[in-house]
Amino acid sequence: MSIGAAVRRVRAYGGQFLLLAVLTLVVTLLVSGVPRLVNRLAEQGLRAQLNSEPAARRDLSYTSGIVTTSTTSVMGGARGQFEAVAEQMPPQVRSAVAERWYSVDATPARVIGPDLKARNLLVDLGLRAMPGVREAGTLVEGTWPSETYVPDRPTEVALDADVARKLNLRTGSQLQIGKVTQTGFTDASPLVVVGLFRPADRADGIWDGLPPLLRITEPLGDGEPFIAVGVVAGVTIDKRAAAGWPVRSDWRYRLGVDRIDARQLDELIDGLQQLQRGTSPALTLTQGVDVPLRAFAAQVNAARTLLAVISAGVLATLAGLIVLAAILAARRRRAEFALLRARGGAATAGARRSLAESLLVVPIAAVLGWWLGTLVPGAPDPTVPYAVAATVLVTLALPLATLAVPAGGAARSDLVRVRPSARRLTVEVFLLLLAGLATVLLRRRGLTLGEVDPLLVSVPVLFAVGAAVLALRAYPWPLLLVSRLAARTRGSVTFLGTARAGRSAVAAPLVVVVLAIGTAAFCAVVAAGVDASRDRAAEQAVPADALIRGERFAPDTVDELGRLPGVRAATRVLNEPADRLAADEVGTDARVGQAAVLLVDAPGLVTVARESGADLPVPSALRTARAEPGPLPAVVSPAVAADLARVGRDGSAFVSVQGQRYEFRVADTAESFPLLPANTSRFVILPWQALPARNTTPVPTSLLLAGDRLDAEVLRQAGDQGQSRYQSTGAVTGRERPLGVTVVTRADVRRELGDGGANGVLAFGFVAGAVGGTVLGLLAIAFTVLAGARARGQVLSRLRTLGLSRRQWRGLLLVELTPLVGVSVLTGALVGAVLPLLLNPVLGLSAFTSGMPVRVAFEPGLVAAVLALGAVALGFAVAVEALNNRRLRLGEVLRLGEES
């Protein structure tokens with residue numbers, strides 16, 4: 001068997017081998033390119049999430065605590081510890097560190113001087129020695145503190161220029177630094193400001209130490225000092241430490257955004273846990289980077305698991321198309337292989353010939369697909385073994401199909417046996433049992449997010465195959481009934497069309513179409529469920545158009561907000577994140593524990609929710625509550641209700657709200673409530689309108705608004721004014737300045753849920769699965785049409801000789817193809833709608849909805865999409881049939897011995 005002969009046969013059947021090569025190229029392209037694209041999207045999402053956080057959130061901060069030591073080399077010890085801590089980090093953490101700094105602080109002490117006295121300023125000044133500050137800062141005036149120790153010389157300090165201006169200090173300012181005790185100002189020593197500097201880059205992490213160098217810490221209350229920090233030389237810190245002044249060392253290691261690999265997040269998180277556990281008792285480690293990393297890892301793992309399920313469906317569809325292409329090619333060459341056997345060839349002669357031809361086409365297409373996949377930007381995954389395995393299987397597809405297709409003469413293949421063979425029945429029953437077993441195991445064991453269990457990930461494929469088998473067995477019977485009814489009517493088109501449709505043998509094509517359409521429908525249904533759950537999560541976080549959070553607002557702030565342009569409704573809310581519940585009135589029995597307490601004006605909340613279009617079910621116990629003697633009706637979480645029942649309080653207890661004690665009783669329970677985080681398991685909701693009249697009443701800490709085109713800046717100013725009015729009433733003594741209010745809109749929350757994290761990976765999976773499934777489904781329908789094209793061509797030619805018009809032929813074609821296309825599309829859509837109900841509990845998609853459980857429900861749009869897809873598929877099938885018939889002439893399909 002020469003290579004030249006194989007090449008000539010490949011050229012002779014170029015269309016068939018081109019189709020096989022294209023399918024091979026697509027498979028290896030997906031195996032090579034999709035992991036790269038997913039890794040790139042994951043990296044982009046991780047960088048976007050980390051960059052959206054304050055840079056200091058990525059710091060690993062070690063502090064030694066405030067200590068008093070007599071050593072004369074505090075800076076040397078800090079430097080040695082700086083290197084030792086880095087060396088002791090786990091490798092995965094150490095490799096992610098991009099920047100690091102260390103400093104030693106002398107605790108803030110009171111400073112006095114004529115420049116401060118001129119403005120009557122009370123100031124405590126901390127002294128910090130920090131290597132690298134000279135390179136990170138630019139001198140504006142004077143010099144940096146000298147690193148040379150000179151006895152009896154005043155302590156030299158450099159200050160940020162803005163800090164010095166606010167404190168009325170300048171280069172040359174003479175100060176005294178000492179301790180404030182009951183006897184007065186003691187242990188005073190001279191201090192001079194020798195220089196003023198500005199940071200070269202305020203975003204440089206060297207300035208993120210606490211207390212801050214670049215700003216003044218405001219007094220906590222009346223009579224409290226301002227706190228500032230100045231830069232000193234290392235010898236100054238050594239001198240003060242030797243004199244017995246308390247010092248504190250700080251080491252900070254910042255993880256670089258570009259050094260964190262999204263593929264190794266689990267290892268990095270484990271390293272951070274190991275770091276936390278292994279910290280020396282003499283040091284305190286503070287880090288918060290694991291929180292966003294865990295959240296992103298949960299999203300990536302859920303997205304990868306969903307992609308594995310979608311990929312299983314797409315690859316199974318491609319495998320089915322390759323099998324169909326191989327079978328179609330083998331059938332077209334059945335006469336060639338029969339002649340080869342008649343001339344004395346072995347039973348495997350045709351298979352060997354097909355193998356030689358496949359080896360000339362498939363490996364080249366596989367290599368080309370793999371190379372195209374490597375051009376996709378992104379980090380690669382070790383997928384070479386999968387590509388090699390796919391290439392081998394595709395290469396063997398045509399030889400195996402040659403062995404499977406009978407090499408005899410023409411035979412009718414358009415009949416479905418009423419009683420299937422025992423072999424086929426056994427295979428079908430085995431597939432159904434395997435699908436059921438895999439589904440049960442999936443529901444019991446679940447999926448390990450981020451990992452691929454071949455059996456459990458293949459559940460959608462097995463389920464679709466099982467559904468296709470049932471559809472294949474069921475759909476001929478209704479057609480048989482319709483055909484019998486059509487036989488009693490005038491005209492032959494309906495009868496012939498339904499009779500042929502009921503006898504068509506389309507097992508393999510039907511399975512492939514169901515797989516493809518089921519994958520596309522699954523993606524569409526899950527995407528719609530995630531989108532709806534994000535809407536509910538946004539409504540849970542902000543059950544209005546806007547939410548203003550602050551510390552405490554004056555009671556008239558609600559009325560002031562209601563008069564702003566565009567505001568249709570406003571209501572008040574009081575949120576206490578952790579109040580202690582008590583089982584007795586004096587509060588000594590605290591066996592009930594703590595809970596979040598939410599005080600809501602239920603009628604106002606209902607109005608705001610209605611005006612803003614939020615779907616907010618407020619329990620009737622809150623809506624109907626009125627001011628009356630006795631405990632307040634409350635809605636509590638099941639955990640709080642269980643605790644109250646355990647202590648034997650008959651569902652009642654006491655809670656303190658802004659210094660006022662209220663008794664409440666359990667009127668209803670709820671798993672969650674708006675304005676509370678999704679993971680809040682202990683809460684008490686009280687009706688504001690039912691509070692008893694007292695001299696002192698609670699004031700709101702949050703405000704909800706409904707309106708159109710709300711200006712966040714205007715709302716922020718109104719909120720700040722409301723806080724200021726409350727401060728000016730004298731209700732608060734020992735003044736603590738309130739922080740500025742925060743304005744959050746529901747639209748912003750919804751946008752963040754859809755844009756942040758690993759949403760790019762999830763969106764890619766949905767789009768690729770839906771589009772790929774639809775395209776592959778149409779291609780499978782084309783295979784289905786082509787598989788029976790010759791038989792239909794024979795029937796058409798014979799009927800045309802009997803007087804069948806072209807219009808009747810089109811009607812016959814529609815009647816014959818409509819049941820097949822309709823059953824395929826509807827079965828696939830049904831599979832796609834049922835699969836999310838089976839898989840949703842184990843996919844972990846709540847990571848993309850801020851903890852809100854994803855509910856998959858019937859979508860009316862799915863019906864319209866299925867009908868539209870069915871119409872497109874039917875039109876595509878008719879077009880393929882018409883195109884194929886144009887290639888055939890009447891004499892060709894009526895030749896003696898033409899295959900059906």
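Here are legends for three close-up views of this predicted model.

**View 1. S533 in helix α19.** Let's start with a single serine: S533 sits in α19, the helix that spans residues 507-541. Is S533 buried or exposed? With a relative accessibility of 0%, S533 is buried, because the cut-off for that label is under 20%. Its side chain comes to 2.9 Å from the backbone oxygen of G529. Leaving aside residues up to four places away in sequence, S533 is in contact with T849, M852, P853, V854 and R855.

**View 2. The second largest pocket.** The space in this pocket comes to about 1,000 Å³. Its lining is made up of 34 residues, and those nearest the centre are V749, E752, L753, T849 and S850. Which elements give two or more residues to the lining? They are α2 (14-52), α10 (290-332), α19 and α25 (746-755). If you are thinking about chemistry, the lining residues comprise 17 nonpolar, 13 polar and four charged. T849, one of the residues nearest the pocket centre, also appears in View 1 as a contact of S533.

**View 3. The buried face of helix α11.** Within α11 (residues 334-342), the buried residues are R334, E336 and F337. Looking down the helix axis, these buried residues stay within an arc of 165 degrees, so they line one face of α11. Their packing partners are α1 (3-12), α10, α12 (349-374) and α13 (384-404). After the helix comes G344, with a positive phi near 100 degrees. Helix α10 links this view to the previous one: it packs against the buried residues of α11 and also contributes to the pocket lining.

Note on methods. Residues are numbered from 1 along each chain as its sequence is written. This is a predicted model: local features need pLDDT of at least 70, side-chain atom pairs count only at pLDDT 80 or more; totals for chains, interfaces and linings use all residues. Side-chain values use heavy atoms; hydrogens and water are left out. Helices (H or I, at least four residues) and strands (E, at least two) are DSSP runs, numbered from the N terminus. Buried means under 20% relative accessible area, exposed over 50%, partly exposed in between (1.4 Å probe, protein chains only). A polar contact is a pair of N or O atoms within 3.5 Å; within protein, one must be able to donate a hydrogen and the other to accept it, and residues adjacent in sequence count only if both atoms are side-chain atoms. Contact means heavy atoms within 4.5 Å. On a 1 Å grid over the protein atoms alone, a cavity is a set of points where a 1.4 Å probe fits but cannot get out, and a pocket is an open set with protein on both sides within 12 Å along at least five of seven lines; lining residues have an atom within 4 Å of a point. Grid points are joined across faces, edges and corners, and a volume is the space filled by probe spheres set on the points. Ala, Val, Leu, Ile, Met, Phe, Trp, Tyr, Cys and Pro count as nonpolar, Asp, Glu, Lys and Arg as charged, and the others, Gly among them, as polar. The arc is that of the directions from the helix axis to the C-beta atoms.
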